[in-house]
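Visitor: Could you take me through one part of this model close up? I'd like to start with the lining of the cavity and then see what sits around the rest of the fold.

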Amino acid sequence: MMMRYGGTTRVTNTAMLVAKGLGAEVGAPNKWGFLVRGPAVYGGGVRNGSTLAVPEEEEKRVDSSPSHNAASAGGNKEEKGIVSYWGIHPSKITKQDGTEWKWNCFRPWETYKADLSIDLNKHHAPVTFLDKMAYWTVKTLRYPTDLFFQRRYGCRAMMLETVAAVPGMVGGMLLHCKSLRRFEHSGGWIKTLLEEAENERMHLMTFMEVAKPKWYERALVIAVQGVFFNAYFLGYMLSPKFAHRMVGYLEEEAIHSYTEFLKELDKGKIENVPAPAIAIDYWQLPPDSTLRDVVMVVRADEAHHRDVNHFASDIHYQGRELREAAAPIGYH
């Protein structure tokens, strides 16, 4: 049977390979210059004409193989493999220098160089009632934070990033649902807010390598995150302009905290240890970078989040919707 797609016989060739039980590994540089290798075809049969399936004989053979038994028994991590009926296998990605990419939580094309030239002193002076409410809410929340962490800026950064990653996720989720309900585009704001949430999460993944949370700090995260998520969710539902303004002020406080962190590093009160490997790859830092370099790029990220959220609030204050203004996607 001849199957055509897009004027070619590519599907026909693939189906023939599947029928013969053949597979291949393809490798080609993507548009960022990184080599991505992945299996082209797996399995020896076709299910419903579209989904690849592993025959029972093949499945039994895999299950009884020594390597599979060793993996099931908890052998070496490198020897472990996930056997799936659906024929989905992870691709192997290499850097431009040919070394293997070791992170699953982000890919090389998601990395970037932080813009350290951004103005760190910008501030939105509160004028309206909602602005003042957002400003003093953030100022009030700062007092117990200062009292709890004192000058333990490593722990402070790690703990606060567990909260900072919530607003972008909540805002993006609500805009996503709104887009579905109204059958309309979001102007790119869903992606922008989710990017913000992911960026803040990567801050946490980085500082976890510097400061290890104690049991009571983990308990505090569960309590604070539960309260803050629901409070911010309700606040965003009632007034997005208030919610974004509050996040803008939160980011201003984050800039201040990281500036104090840098002062302690410069005074020698905090050891300027080598930068974690995850930070070097994520921000494309030099191999000999230190903790100070990491704090610099994280502070720049917070300044960008400050701008995005104050901008989003300004759009609402002008009686417009976010989708009417192009979102600053990839604004780092």
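Guide: Sure. The residues lining the largest cavity are Thr192, Glu195, Glu196, His305, Val308, Pro328, Gly330, Tyr331 and His332. Keep in mind that this is a predicted model. The space inside that cavity comes to about 80 Å³, and the count of cavities of 30 Å³ or more is one. Two helices, H7 (189-207) and H11 (291-317), each supply at least two residues of the lining. H7 gives the most, with three residues. Sorted by class, the cavity wall has three nonpolar, four polar and two charged residues.

Now for the open counterpart. The largest pocket holds about 1000 Å³ of space. It has 43 lining residues, and the closest to its centre are Leu141, Thr145, Leu160, Val163 and Leu250. Four helices give two or more residues to that lining: H4 (129-149), H5 (153-164), H8 (215-238) and H9 (240-267). H8 has the largest share, eleven residues. By class, the pocket lining comes out at 30 nonpolar, seven polar and six charged residues.

H8 turns up again on the surface. Phe148, Trp215, Tyr216, Leu220 and Val224 make a nonpolar patch of about 490 Å², and four of the patch residues come from H8. As for Phe148, its place is in helix H4. Its relative accessibility is 35%, so Phe148 counts as partly exposed.

H4 and H9, both met at the pocket, also share a salt bridge. Arg245 pairs with Asp131, and the closest N and O atoms are 3.0 Å apart. Because Arg245 lies in H9 and Asp131 in H4, the pair ties together parts that are 114 residues apart in sequence. Both ends are tucked away from the surface by the 20% cut-off: Arg245 is buried, with a relative accessible area of 2%, and Asp131 is buried too, at 3%.

H9 has another partner. Asp266 forms a salt bridge with Arg292, with 2.7 Å between the closest N and O atoms. This pair links distant parts of the chain, since Asp266 sits in H9 and Arg292 in H11, 26 residues apart. That brings us back to H11, one of the helices at the cavity wall. Here Arg292 is partly exposed, with a relative accessible area of 29%.

Further along the chain, Glu321 forms a salt bridge with Arg323, the closest N and O atoms being 3.3 Å apart. Glu321 is partly exposed at 24% relative accessibility, and Arg323 is partly exposed at 40%. These two belong to a network of salt bridges that also links Lys178, Arg182 and Glu184. Over the whole model, the count comes to 15 salt bridges.

So, to pull the threads together: H7 and H11 each bring at least two residues to the cavity lining, H8 leads at both the pocket and the nonpolar patch, and the Arg245 and Asp131 pair ties H9 to H4.

How values were computed
Residues numbered from 1 in each chain as written. Predicted model: local features only at pLDDT ≥ 70, side-chain atom pairs only at ≥ 80, totals over all residues. Heavy atoms only, no water. 1 Å grid on protein atoms, 1.4 Å probe; cavity = no way out; pocket = protein on both sides within 12 Å on 5 of 7 lines; lining within 4 Å. Points joined across faces, edges and corners; volume = space filled by probe spheres on them. Nonpolar A, V, L, I, M, F, W, Y, C, P; charged D, E, K, R; others polar. Patch = residues over 30% accessible without salt bridge, like charges linked within 9 Å, V, L, I, M, F, W, Y side chains within 5 Å. Areas by Shrake-Rupley, 256 points an atom, 1.4 Å probe, with all protein chains shown as cover. Salt bridge = Lys/Arg side-chain N within 4 Å of Asp/Glu carboxyl O. Buried < 20%, exposed > 50% of the residue type's maximum accessible area, 1.4 Å probe, protein only.
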